Amino acid sequence: MRKQNSIFENIDWLLVVFYLVLVLLGWINIYAAVYNEEHKNMFDLTQSYGRQMLWIGTSLVIGLAILVIDGKFYAAFSFPIYIVTMGILLVVLVIARDVQGARSWIEIGSFKLQPSEFAKFATNMAVAKYLSALGIRMEDMKTKITAGLLILLPMALVLLQNDTGSALVFIAFIFVLYREGLSQNVLIFGFLAGVLFILALMVPNTVLIGVIGGLGFVAYLLMRKTRNNIIVILIITALCSGIVFSVDYAFNEILQTHQRERIEVLLGKRSDPKGAGYNVNQSLIAIGSGGFTGKGFLQGTQTKFDFVPEQSTDFIFCTVGEEWGFVGTAFVLILFTLLLYRIVFIAERQRSTYTRIYAYGVASILFFHLMINVGMAIGLAPVIGIPLPFFSYGGSSLWGFTVLLFVLIKLDSYRMYILR
Amino acid sequence: MYNPGSNQRIVFLGIITSVVIIFLIRLFYVQVINESYSVSATNNVLRYITDYPARGMIYDRKGKIVAFNQAVYDLMVIPKQVTEIDTLEFCRLLDISKESFIDKMKKATSFSRMKASTFEKQISAESFATFQEKLYKFQGFYVQPRTLRKYPNNTAAHVLGYIGEVNDELIAKNPYYRIGDYIGISGIEQSYELELRGRRGVRIVMVDVFNREKGSYKGGIYDTIAIAGQNLVATLDADLQSYGELLLQNKIGSVVAIEPQTGEILAMISSPSYDPNLLVGRVRSKNYGYLLKDENKPLFNRAMQAYYPPGSTFKLTNALAALQEGIIGSNTSYAHSFVVGSKSIKCHPHPAIALEGAIQYSCNPYFCNTFRSFVDNRKYGSSENGYRLWREYQMSFGVGKKIGVDMPHELKGLIPTVEFYDKYYGKGHWKASTIYSLGIGQGELGINPMQMANIICIIANKGYYYTPHVIKQIGKYPNTTRNLGERHYTKVSAENFNIIQDGMQRVVEAGTARVARFDSLVICGKTGTAQNPHGKDHSLFVAFAPRDNPKIAIAVMVENAGFGATWAAPIASLMMEKYLKDSIKRHDLEERMLKGYLLPLQNKSLENPGLKVKDSNLVKPKNKKDSSIALLNNKKK
């Protein structure tokens, strides 16, 4: 194994460029979203864009620091970092103040940090470390359970913080496990469960059960040749029916009122443009009014005049849509897609399993964020408050994503040297 | 190392790609295809704020304000923004009941939850002052300053007219107006609406989610600036007008005074009148109802709309036509009676007279004979032709047609055509002796006091008139909206007027209207006692003065009052004294006129309790000490 000659040797500059472009575009849109005549100075720290500038600066320092640190450190310290992070999540539960229903912030003076943003990174490292170990095979039940627990632990802790959005992000690790050998049935079953969930809310249960039973019977007639098939059909039919029955319970008893309402709005069961549907309605108005080419920089009225709530954080995509139009939204989406493709490409060129798994983790997390954040802004996903990576205002999330990506860049730079 | 190959990678990238493609399709639909979001964004952020320009003020000829604008406040409400407010306090401050509050909120909400609608109209400045201090407590309410028309002299209601909110019909006809706008409905307010109203301005401002203004839209390029209405200078003399109204109190009648040398209307009175402030603002419709029900018809502008028999005024124009045609001369005299078949019209005893004396004594036979000499004159071939020519002469004096006063609702009056008589009597079956009463201003004639006064202007000017008008100046410039400088000549040449003026001078100096004399002024006048099928004769007097340099021509008509010399002549005389001398010396005469109570006894006020006590029925405009309704005073004699 050779030593690196320079910390920038074998750096994937394309990733760095993607990162810088996204962060810069994000900042421009934050500036536009909260712009007002009285505070034009880009570095005005009383304004979000001024502080975001600070976050960007510190993020670059963090990124550089990550590149400076020896790449072997990350793999070696994966578990300790994971354990420490879990510890911090526990501490947060105890000391955090209630901010809009969630208890997820650590406050040191005026400085606030959201550890759940770093939990994604830590979990990703731990999962990569565990799955890349010698003798670990995805087919083993023990592997599945251990990996599942590694993911579910932080998910549960974040859920306890009442930060449902961040908790849901951990679902993204399904893609990592799938890449590492988890049966595709899991994806299919997940998809099916999702469809059933929606159908159960839209269609009366009796009808739905009837249809499932009918489909099961048809399957039985077609595939009753082997006993195995019959058992599988029976299990699937029973499972589907079980989901249908439990949906009502889950929907009404487990979900909180606002979550329930948001889902109802999304499914069109509830029209409440002033209440639960306000965010999405205003968000759609903002994006829709942008037209093909947009209203122009600083010309968006929906976001500038606060019609869209959270316009610099969760709904930053509205500003893109309103001021830059379809051209802007398509550009940003394609930029993200290229970034994801690039990460997957990088993952597959690794000789190191650890780096490959880590890279898939990065891609999965970014994809999940993109899907939910943009999806909710255009009314295709329920309103789940998670940021658009690199774009949304916020120090913790920017730092978190920076760490996530730059560790990948560092790990990737060792692709020539490390075999495992 | 376990590597399950590229299958999973393709699936993963496939999922990413599918999601992004779904998003792009959705974005394309939302942003490019569906346009309703743009409309919603516009509705969200743009507010159209109307700037109402101040309506022009009206001054009288001496610079006295007769119409101005008082600031009032409309209370507006945006139902969505109304939070929990202290309804009790709110109602107390506005002096409304809780039921009315709930009712108004309901109305506003049903109009729109997001948009402002008027909660309470025209709150006076005084009420507003107390309310304003508490306004911050009532979120969702704000005030829109408006103006209310005020007529400080409480005079000239018929001339000034009034303004009211536009109705749907008008909005459909004229796109300028919108719901809630005001428009002149009668009088000057109507005929000079365009000049008075100015032009409404609209500012487009952007607001944020809390409805706070965030500056003008696109730098204000779509804004229109409000243009204030122009001030008007009326020809009226407010003092003369008020004085005339006072003299006509408790009488039904009309006065029109015109400056002959310009056609400027100095006073136009129709009695009974009303306080113009009664038809302003919130109390308007209520008061309008009461005024409409009043049997003495205070809303009726007799000066331009009544049809009176012209009486003796027509003796003058009749004689003028005959003089011009050479049918009579200044020395012509007739027998002291006018015989039609078995009937004969006689006059009161007076010496045998020529034209001047006939005017002085108002000799009926003389003018009937004159009329017959004209109409049946052989030189015209037939009585039809004679009458047709006579009628043309009369019409050249502004009779039987609209003379074009710059006021709405002028009526043209009536002077029958040849065809009318052909139809009535049959062609060839009538001649002068059939219709002789026209010669003394009786019969099928209708003329309004404006036309009478205009005839006197013509006589004063010896042959021409300027279109009578009430507005002389618009803004800083002379009124050019109508052809006011043009002389309208009659068919009678100037020299023929001298003898008529002589006769009229004699009327005042030694004839029927001696009561009209004052000082050493040379006044030319003519009394009339117009027969009236509906009751007692109308008392009529027309005059101008001074003879050499006529400053005022006046026509006074007092309904059912008997002889012209009893009521009309003194009133005309007092008004001329007021105008020319500025003070009244004949206090006894004045006193007698003021005390005169000539309202018809058959006034059904007793049967109709609604009209019994008008004063208490009429809702007085608030905050106005001098809101007397004296002119409506209906006390029992």
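## Contacts, cores and helices in a two-chain predicted model

In this predicted model, Y52(B) touches Q144(B), R146(B), D181(B) and R200(B), leaving out residues up to four places away in sequence. Y52(B) lies in the loop that links β1 (46-51) to β2 (58-59) of chain B. Its relative accessible area is 33%, so Y52(B) is classed as partly exposed. G386(B) is 334 residues from Y52(B) along the chain, and the C-alpha atoms of the two are separated by 59 Å.

The residue after G386(B) in the numbering belongs to a nonpolar core. The largest such core has 130 residues, and Y387(B) is among the three with the most contacts inside it, together with I188(B) and I500(B). Helix α18 (residues 449-461) of chain B supplies the largest share of this core, nine residues. A second, separate core has 121 residues, including I56(A), I285(A), V332(A) and V344(A). In soluble globular proteins, nonpolar side chains tend to be buried together. Beyond its neighbours within four places in sequence, Y387(B) has contacts with F371(B), V375(B), I415(B), P416(B), T417(B), V418(B), Y421(B), W430(B), I435(B) and L438(B).

Chain B also holds an open sheet of five strands, in the order β12-β11-β21-β20-β19, with antiparallel pairing. The edges are β12 (264-271) and β19 (524-530) of chain B; each has a single partner strand, so one side of each is left without a neighbour in the sheet. From one strand to the next the twist averages 5 degrees. Strand β11 (residues 253-259) of chain B is joined to β12(B) by seven bridges, and the two run antiparallel. V255(B) stands opposite I269(B) of β12(B). Helix α19 (residues 497-510) of chain B packs on this sheet, where it touches β19 and β20 (538-545) of chain B. The direction of α19 makes about 75 degrees with that of β19(B).

Two helices, one from each chain, are set out below.

| Helix | Residues | Expected span | End-to-end C-alpha distance |
|---|---|---|---|
| α13(B) | 313-324 | 16 Å | 17 Å |
| α2(A) | 48-68 | 30 Å | 30 Å |

For α13(B), the expected span follows from twelve residues at 1.5 Å a residue, and the distance between its end C-alpha atoms agrees with it. How many residues of α13(B) are buried? Eleven of its twelve residues are, so the helix is mostly covered. The buried ones include T313(B), F314(B), K315(B) and N318(B). After α13(B) comes G326(B), whose phi is positive, near 75 degrees.

Helix α2(A) has 21 residues, and its reach is close to the expected value. Its buried residues include S48(A), Y49(A), G50(A), W55(A) and I56(A); I56(A) is also listed in the second core. What covers the buried residues of α2(A) includes α1 (13-34), α3 (72-76), β2 (111-113) and α17 (395-412) of chain A.

Q47(A) sits in the loop between α1 and α2 of chain A. Is Q47(A) buried or exposed? Its relative accessibility is 13%, so Q47(A) counts as buried, the cut-off being under 20%. The side chain of Q47(A) makes a polar contact with that of T46(A), at 3.4 Å. Residues up to four places away in sequence aside, Q47(A) touches V34(A), N36(A) and H39(A).

Conventions:
Residues are numbered from 1 along each chain as its sequence is written. Chains are lettered from A and ligands numbered from 1 in the order in which they are written. This is a predicted model: local features need pLDDT of at least 70, side-chain atom pairs count only at pLDDT 80 or more; totals for chains, interfaces and linings use all residues. Side-chain values use heavy atoms; hydrogens and water are left out. Helices (H or I, at least four residues) and strands (E, at least two) are DSSP runs, numbered from the N terminus. The expected span of a helix is 1.5 Å times one less than its number of residues. Buried means under 20% relative accessible area, exposed over 50%, partly exposed in between (1.4 Å probe, protein chains only). A nonpolar core is a set of buried Ala, Val, Leu, Ile, Met, Phe, Trp, Tyr and Cys residues joined through side-chain atoms within 4.5 Å. Contact means heavy atoms within 4.5 Å. Two strands pair if DSSP finds at least two bridges between them. Axes are lines fitted to C-alpha atoms, for helices over the stretch in contact, and angles run from 0 to 180 degrees between N-to-C directions. A polar contact is a pair of N or O atoms within 3.5 Å; within protein, one must be able to donate a hydrogen and the other to accept it, and residues adjacent in sequence count only if both atoms are side-chain atoms.
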